Amino acid sequence: MKKLLAMLMALVMVLSFAACGETPEEPSDPEAPVEPGETEATGSVYWLNFKPESDEVLKELAAKYTAETGVEVKIETAASGTYNETLTAEMDKSEAPTIFVVGNQAAVDTWGDYCLDLTGTAIEAELNTDAYKLYDADGKLCSIGYCYECYGIIVNNALLNEAGHDVSEITNFETLKAVVEDITARSEELGFGAFTSNAMDSSSSWRYTGHMINLEYYYEYVDDNAAWANGTAAAPTLTGAYMDNFKNLYDLAVVNSIVDRKELANGGFDAQAEFAEGKAVFYVQGSWEAGGLEGKGMDLSTLSMIPYYCGVEGEEKAGLNCGTENYWAINGDASEEDIQATIDFMVWLVTDPEASEAAVGTFGVMPYKSAAVSTNPFLAQANAYLGDGCYNMAWITNFQPNVDAYRATAVNALNAYNADPTDANWATVVTAFIDGWAVQYQAVNG
Amino acid sequence: MKRSHDSAAVNSDMIRKPIQRWAPLFLVPMVAAFLIGFVWPFFHGLFLSFCKFKTTSKWEWVGLLNYEKALADESFIYSFGFTAVFAIVSLVLINVFAFAVAYALTQKIKGANLFRTVFFMPNLIGGIVLGYIWSMIFDGFLGYYQTSILMDKEWGFWGLIILTCWQQIGYMMIIYIAGLQAVPEDMLEAAKIDGANGWQTLFKVTIPNVMPSITICTFLSLTNGFKLFDQNIALTGGYPYIINPDGTSVHTTEMLALNIYNTFYVGANTRGVAQAKAVLFFILVATLAIAQLTATRKKEVQQ
């Protein structure tokens with residue numbers, strides 16, 4: 001018996017040695033030259049991508065670039081809603097991202113130290129506008145927009161016409177309200193309602209706490225743009241002067257929705273599907289939704305997007321909310337070769353006809369001189385509004401301090417308000433958005 | 001029988017010498033993993049709690065400032081209170097139920113093995129998944145009344161308790177079953193002969209004999225209660241908030257670990273504070289665990 005045991009142990013030992021010997025089996029030498037002959041390819045590019053929906057296209061583009069130039073391009077995509085966490089971990093590695101996204105003032109505050117000053121770089125020279133540049137407190141150009149988007153209220157014109165209305169009727173809050181309430185009143189006869197669901201779970205609440213609330217910030221900004229350093233920094237406090245206007249539009253959307261407002265806190269609704277299936281005429285969303293709606297079989301030519309009409313004087317001249325959270329920053333701590341390789345890659349992406357076409361396909365519009373022309377119908381419409389002399393409602397929302405906590409507080413207040421829409425509960429919503437701004441501003445900057 | 005000097009015996013020199021000589025080879029990977037995965041991050045984290053930092057490789061020494069801020073943070077104190085209540089309630093409920101189930105399943109009832117397996121199974125599911133599954137269950141029920149678990153602090157608290165009990169009772173049950181099976185039959189028989197009734201046997205014989213199991217189970221459920229994170233973030237995420245008139249808010253179901261996590265991501269200046277909170281959190285849990293271990297150990301009996 002003991003002999004057997006000893007033999008067994010010996011066997012185990014031998015096996016474990018064998019197992020040990022097998023593990024260091026990675027033969028690939030990271031120092032190996034990419035291809036003989038292409039000697040200049042010294043730097044490499046690592047892009048920590050922010051948009052999960054663009055992951056596939058970017059990886060194809062990266063492979064194409066590597067095939068053409070021999071420069072290694074790595075694309076990693078953070079899971080939806082975890083960019084900040086992923087970036088924190090990745091920036092600590094010895095091979096940190098060379099391109100990352102610094103998309104709003106909060107991100108500039110956090111990551112500004114790590115950003116290369118983009119002033120005078122080849123990629124900055126390709127920009128066709130100064131509208132999408134983020135600076136830190138010392139005036140360093142931390143990041144530049146690589147695409148922009150617009151949001152507002154998407155309208156299904158086919159259904160609207162079926163209800164006996166036309167989008168041209170809607171020019172301000174009064175007219176919007178009249179149309180919406182008429183549709184709601186006749187919804188049983190029509191077979192569809194006015195607004196899709198306005199769920200407040202994390203997959204959808206940003207449409208209100210991030211986007212619709214922008215109308216409040218924007219009009220405050222117009223009234224007093226010195227408080228916002230002419231649009232370069234967050235105001236430390238808000239006045240809340242336009243919260244009633246936000247309430248106008250929010251209530252309109254929630255009351256006239258196909259889903260009862262009391263059910264919104266739970267979430268679990270699919271507004272995109274509701275809209276694509278023709279259950280509702282209006283959908284609070286943005287230009288990035290075009291691909292998704294087309295994928296669900298909608299004819300984009302029957303859709304249009306209208307501005308956030310909310311009862312502000314002169315809003316007949318309002319346009320869509322154009323802006324972006326998609327800003328490129330280059331890691332200033334990367335080696336010079338990597339920085340050079342990164343800038344070369346970015347320039348290629350916005351100048352090469354084929355590459356920029358693919359990139360614009362996934363990003364919408366890229367504000368660069370030689371980039372391909374966008375085919376997104378909503379962005380075309382945003383430009384049409386501007387062409388008619390309407391004002392663009394800039395994304396002041398990008399200045400939200402400590403954005404996740406700020407929005408979570410607002411969601412809580414809106415949940416309580418939806419459960420019991422009293423004036424007292426609305427007062428809490430105002431507190432969450434307005435006083436909450438000052439609190440979070442202090443938490444970040446204090 | 002003659003004692004043989006079998007050179008192949010496990011304790012013979014032939015076998016023991018090489019084992020002694022080669023032991024480091026087997027120990028090194030494990031020790032290295034422990035150093036890399038635990039000791040180094042622990043001390044690095046301790047160090048960072050005295051620093052202002054954004055990534056762990058770029059830091060600036062600030063001394064005790066982070067600790068001052070952490071202790072001055074009302075939300076931290078609130079979460080501590082909430083967590084303490086949660087830990088105590090879950091400790092009691094988990095152990096009472098786990099012991100009861102274990103006791104029932106050692107009474108030679110039909111299908112006991114099947115029940116054991118089934119009760120143990122929830123423990124195999126990860127906390128995040130469980131949190132989302134239970135939020136659907138709770139909201140499916142509360143949705144009928146057009147409300148949600150996110151709307152009321154009490155629901156959030158009891159929701160977390162139900163979830164934690166559901167997950168952990170099976171695990172503690174296994175430990176209790178092992179303990180109960182080790183209670184000597186002759187002692188039970190002696191108690192029976194002496195005329196002890198069921199309750200007397202339970203409290204005077206069985207429980208003193210399973211004290212080691214009780215020690216380990218209370219230790220585990222207490223520390224689990226304090227460390228709870230996944231279930232918290234997935235089920236309630238700290239909702240509902242109480243929004244004060246000055247714009248600050250209290251996250252009514254936010255436990256310590258989630259509070260630390262949220263602090264970390266507030267902004268560039270708060271990561272050190274979160275780290276300091278984490279160190280305080282460690283000291284707290286370690287102290288409690290040690291205190292509880294010594295207290296229950298004293299009650300253990302030698303068989």
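**Entry 1: a residue in chain B**

Is B:Gln146 buried or partly exposed? I began my notebook with this one, and I kept in mind that the model is predicted. I counted 16 other C-beta atoms within 10 Å of B:Gln146, so this residue is partly exposed. A residue needs 20 or more such neighbours to count as buried. I then looked up where B:Gln146 sits, and found it in the loop between α5 (127-142) and α6 (153-181) of chain B. Its phi caught my eye too: the value is near 55°, which is positive in a residue other than glycine. I reminded myself that most residues other than glycine have a negative phi.

**Entry 2: another positive phi, this time in chain A**

I moved to A:Asn402, where phi is near 45°, again a positive value in a residue other than glycine. The loop that holds A:Asn402 runs between α16 (377-387) and α17 of chain A. How many other C-beta atoms lie within 10 Å of A:Asn402? I found 25, so A:Asn402 is buried.

While I was in that part of the chain, I looked at A:Asn383, which belongs to helix α16 of chain A. A:Asn383 has 17 other C-beta atoms within 10 Å, so I wrote it down as partly exposed. I also checked its distance to A:Glu68, 315 residues away along the chain: their C-alpha atoms are separated by 35 Å.

**Entry 3: a cis peptide bond**

Back in chain B, I looked at the peptide bond from B:Tyr239 to B:Pro240 and found it cis, with omega near -10°. I noted this down since most peptide bonds are trans. B:Pro240 is in the loop between α10 (230-235) and β3 (241-243) of chain B.

**Entry 4: chain A as a whole**

Next I stepped back. Chain A has 18 helices and 11 strands, and its C-alpha trace spans about 85 × 70 × 50 Å along the principal axes. Of its 446 residues, 48% are buried. I also looked at contacts with a sequence separation of 6 or more: 76% of them in chain A join residues 24 or more positions apart.

Which residues touch the most other members of the largest nonpolar core? They are A:Val102, A:Ala329 and A:Met366, in a core of 188 residues. I followed A:Ala329 further and left out residues up to four places away in sequence. Its partners are A:Phe100, A:Val101, A:Val102, A:Trp111, A:Cys115, A:Cys142 and A:Ser143.

**Entry 5: strand β1 of chain A**

I picked strand β1 (residues 44-49) of chain A for a closer look. Six of its six residues are buried, so the strand is largely enclosed by the rest of the structure. In a regular strand the side chains alternate between the two faces of the sheet, and I wanted to see each face here. On one side I found A:Ser44, A:Tyr46 and A:Leu48, and on the other A:Val45, A:Trp47 and A:Asn49, all of them buried.

Its partner is strand β2 (residues 72-77) of chain A: six bridges join the two, and they run parallel. I found A:Tyr46 opposite A:Lys74 in β2(A). To get from β1(A) to β2(A), the chain passes through helix α2 (residues 55-69), and this β-α-β crossover is right-handed.

**Entry 6: domains**

The domain assignment splits chain A into domain 1 (44-148 + 324-369) and domain 2 (150-323 + 382-445). Their centres, taken over C-alpha atoms, are 29 Å apart. I found 10 residues of domain 1 in contact with 14 residues of domain 2. On the domain 1 side, α4(A) gives the most, with three residues. That side has three nonpolar, five polar and two charged residues.

Chain B is divided as well, into domain 1 (13-48) and domain 2 (66-297). Here the centres are 32 Å apart.

**Entry 7: where the chains meet**

Last, I looked at the contact between the chains. How many residues does each chain give? I noted 33 from chain A and 30 from chain B. On the chain A side, the elements that give two or more residues are α1 (2-22), α3 (83-91), α4 (105-111), α17 (403-419) and α18 (423-445). The largest share, nine residues, comes from α18(A). By class, I wrote down 13 nonpolar, 11 polar and nine charged residues for this side of chain A.

Notes:
Residues numbered from 1 in each chain as written. Chains lettered and ligands numbered in written order. Predicted model: local features only at pLDDT ≥ 70, side-chain atom pairs only at ≥ 80, totals over all residues. Contact = placed C-beta atoms within 7 Å. Helix = DSSP H or I, 4+ residues; strand = E, 2+ residues; numbered from the N terminus. Nonpolar A, V, L, I, M, F, W, Y, C, P; charged D, E, K, R; others polar. Buried ≥ 20, exposed ≤ 12 C-beta atoms within 10 Å, placed from the backbone. Core = buried A, V, L, I, M, F, W, Y, C linked by C-beta atoms within 7 Å. Domains from an automatic or database assignment. Pairing = 2+ DSSP bridges. Right-handed = clockwise from strand over helix to strand, strands pointing away.
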